[in-house]
Amino acid sequence: MIDLSGYSSALQFADGLWTAAARNPVSYPGEGNAFCFQLEETSFWFRHRNACILAAARNHLQGGVIFDIGGGNGFVSRALQAAGLTPVLVEPGPAGAANALRRGVATVVRATLEDAAFRPESLPNAGLFDVLEHVGADADFLGRVFALLRPGGRLLLTVPAHAWLWSDEDAVAGHHRRYGRRDLTARLAGAGFEPRYVTGFFHFLVLPVLLGRALPARLGRRRRALDAASHRSAHRSRGGPLGALVAALGRLEERRIARGGRIPFGSSLLAVARKPAWPETKPGSGHQDTKARSRDSDKFGPVQNRPPAD
């Protein structure tokens, strides 16, 4: 477990986790964490997302500490921890924080990002894994994350892709939007980040989501809300030829991301952005600081081969 007293004076440690006295509301269904907890362990969607996140983390993270902001039940944090990284789960929901502890996540913060009151430029890296779409003022939120990251720190994030895939499922999940590649890149740049890598993933789900959710929603045909059992069935890994095909396509995506390649489309986007470590130009010089540039060529190897940031 990480001692977070050096990151924030607003957090107190008790009963195995860090908490903040202030409690601000979040745009996420109150029962959402409990619902997802029933799905995650057997869901091909959550497992494949983890694999893609880990592939990108190994390629792009500096050091092993990453603050998993809005990390829910700790499904991603547990995977990061098992891979040798050091996640800090930041989750405002009491159920999500408790579930993360049950899963063995070593450092858990039960608070919103605002309530946690981390010190400016204190976070080595940050993750927003299907979080940004739940935030109404997403540009402002990205700006707050930017201010909290150390110079040179990385932001990893995943979001649902393509406004034309919007459906009732998005509304029920508390989404404010889905993102296009250019839109996401522009929002990251607008917050001050240097977008380094953006790829689609879940390319094999685009057609099913379009035909099964988005088009019916556009035609005004409201789908019956799925109960927990139906959702578990939809997320469960399939056997037979179809299951084998989906598994093979998923492995192809994972290998491509691990090699640094990009997937041109998908029902989700994965992005990596960097907070600049120094000014791009010397004062009054009008040209790039080539010495600084040579110190950071952005050719990062696997995390385990790099010295820790902390």
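Reader: Which residue in S7 does Asn-125 stand opposite?

Author: Asn-125 stands opposite Arg-154 in S7. Keep in mind that this model is predicted.

Reader: Which strands pair there, and in what sense, parallel or antiparallel?

Author: Look at strand S6, residues 123–129, beside S7. The two pair in the parallel sense, over six bridges.

Reader: Through which helix does the chain cross from S6 to S7?

Author: Follow the chain out of S6. The path runs through helix H6, residues 138–148, and then enters S7. This β-α-β crossover is right-handed.

Reader: In what sense do S7 and strand S9 pair?

Author: S9 covers residues 268–274. S7 and S9 pair in the antiparallel sense, over seven bridges. Use Pro-160 as a marker: Ser-268 in S9 stands opposite that residue.

Reader: Why is S7 described as largely enclosed by the rest of the structure?

Author: Count its buried residues. A residue is buried when its relative accessible area is under 20%. S7 spans residues 149–160, and 10 of its 12 residues are buried, so the strand is largely enclosed by the rest of the structure.

Reader: Now salt bridges. How many are there?

Author: Look for a side-chain nitrogen of Lys or Arg within 4 Å of a carboxyl oxygen of Asp or Glu. By this rule the count is 11 salt bridges.

Reader: Where in the chain do Arg-49 and Asp-130 lie?

Author: Their side chains meet in a salt bridge, at 2.7 Å from N to O. Arg-49 sits in helix H2, residues 44–60, and Asp-130 in the loop between S6 and H6. The pair links distant parts of the chain, 81 residues apart.

Reader: Is Arg-49 buried or exposed?

Author: Check the relative accessible area. Arg-49 has 6%, so this residue is buried. Asp-130 has 15%, so it too counts as buried.

Reader: Which residue forms a salt bridge with Asp-170?

Author: Arg-178 does, with the closest N and O atoms 2.8 Å apart. Both Arg-178 and Asp-170 are buried.

Reader: What links Glu-194 and Arg-274?

Author: A salt bridge between their side chains, at 2.6 Å from N to O. Glu-194 is in strand S8, residues 194–201, and Arg-274 is in strand S9. They lie 80 residues apart, so look at distant parts of the chain. Glu-194 counts as buried at 17% relative accessibility. Arg-274 is buried too, at 3%.

Reader: Which residues do salt bridges with shared partners join into one network?

Author: Glu-40, Glu-41, Arg-78 and Arg-103.

Methods
Residues numbered from 1 in each chain as written. Predicted model: local features only at pLDDT ≥ 70, side-chain atom pairs only at ≥ 80, totals over all residues. Heavy atoms only, no water. Buried < 20%, exposed > 50% of the residue type's maximum accessible area, 1.4 Å probe, protein only. Helix = DSSP H or I, 4+ residues; strand = E, 2+ residues; numbered from the N terminus. Pairing = 2+ DSSP bridges. Right-handed = clockwise from strand over helix to strand, strands pointing away.
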